[in-house]
Amino acid sequence: MRKRLMDYLQDNHMTAYRFAKKSGIPQSTIWSILKKEDYEVREKNIRKICKAMGISASEIMESEEEAKRNLRAGEIPVMHKYRKLDKSDQFRVQGYMDALLEKQDREKSTS
């Protein structure tokens with residue numbers, strides 16, 4: 001869970017302070033989760049963290065490899081279509097997605 005939270009903060013250019021405000025969890029608790037590998041997170045805080053991250057509690061507990069394998073319902077039709085493309089078109093889709101993510105990162109960093 002600690003790594004998922006750290007990745008979320010990095011990916012969203014968010015400080016622990018901002019996430020604490022967003023989640024309703026004290027900043028000291030967020031810092032403990034981030035700094036202490038063996039920190040025992042209470043169930044109510046797990047739920048708050050997940051809500052703030054926009055994911056389910058089961059998603060935060062799964063490994064990164066499991067997360068890659070488990071698609072959300074809305075992602076399944078996209079993956080089926082993607083798999084029907086030939087390799088060159090798959091690379092185009094990946095390039096387009098990379099460009100969209102870069103644009104999103106730029107917009108987040110300027111706000």
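Is Gln-90 buried or exposed? Point 1 takes this up, and the later points cover the rest of the model.

1. **Gln-90.** This is a predicted model. In it, Gln-90 is found in helix α8. Gln-90 is buried, because its relative accessible area is 10% and the cut-off for buried is under 20%. One polar atom of the Gln-90 side chain lies 3.4 Å from the backbone oxygen of Leu-85. Setting aside neighbours within four places in sequence, Gln-90 is in contact with Tyr-82, Arg-83 and Leu-85.

2. **Confidence.** The mean pLDDT of the protein is 88. A score of at least 70 is reached by 95% of the residues. Where is confidence lowest, and where is it highest? The low end is helix α6, residues 64-69, with a mean of 66. The high end is helix α2, residues 16-23, at 96. Where pLDDT is low, predicted coordinates should not be read in detail. Keep that in mind when you look at helix α6, given its mean of 66.

3. **The aromatic pair.** How many aromatic pairs does a search of the whole structure find? It finds one. The partners are Tyr-8 and Phe-19, arranged edge-to-face. Their ring centres are 5.7 Å apart, and the planes meet at 70°. The pair links distant parts of the chain: Tyr-8 belongs to helix α1 (residues 2-11) and Phe-19 to helix α2, eleven residues apart. Both Tyr-8 and Phe-19 are buried.

4. **The nonpolar core.** The largest nonpolar core has 19 residues. Those with the most contacts inside it are Leu-5, Leu-9, Phe-19, Ile-30, Ile-49, Met-53 and Ile-60. Which helices supply at least two residues each? They are α1, α2, α3 (27-35) and α4 (43-53). Helix α4 gives the most, with five residues. In soluble globular proteins, nonpolar side chains tend to be buried together.

5. **Leu-5 and its contacts.** Leu-5 is one of the residues with the most contacts inside that core. Again leave aside neighbours within four places in sequence. Leu-5 is then in contact with Phe-19, Ile-30, Ile-33, Leu-34, Ile-49 and Met-53. Phe-19 is also a member of the aromatic pair.

6. **Salt bridge in helix α1.** The count of salt bridges comes to four. One of them joins Lys-3 and Asp-7, with the closest N and O atoms 3.0 Å apart. Lys-3 and Asp-7 are four residues apart in helix α1, so about one helical turn separates them. Lys-3 has 48% relative accessibility, so it counts as partly exposed. Asp-7 is partly exposed too, at 24%.

7. **Salt bridge in helix α4.** The side chains of Glu-43 and Arg-47 form a salt bridge, 2.6 Å from N to O. Why are these two about one helical turn apart? Because they are four residues apart in helix α4. Both Glu-43 and Arg-47 are exposed.

8. **Salt bridge in helix α8.** Arg-92 and Asp-89 form a salt bridge, with their closest N and O atoms 3.1 Å apart. Both lie in helix α8 (residues 87-110), three residues apart, which is about one turn of the helix. Arg-92 is exposed, because its relative accessible area is 62%. Asp-89 is partly exposed, at 23%. Helix α8 also holds Gln-90, the buried residue of point 1.

Conventions: Residues numbered from 1 in each chain as written. Predicted model: local features only at pLDDT ≥ 70, side-chain atom pairs only at ≥ 80, totals over all residues. Heavy atoms only, no water. pLDDT = per-residue confidence, 0-100. Phe/Tyr/Trp six-rings, centres within 6.5 Å; stacked < 30°, edge-to-face > 60°. Buried < 20%, exposed > 50% of the residue type's maximum accessible area, 1.4 Å probe, protein only. Core = buried A, V, L, I, M, F, W, Y, C linked by side-chain atoms within 4.5 Å. Contact = heavy atoms within 4.5 Å. Polar contact = N/O pair within 3.5 Å; in protein donor to acceptor, adjacent residues only side chain to side chain.
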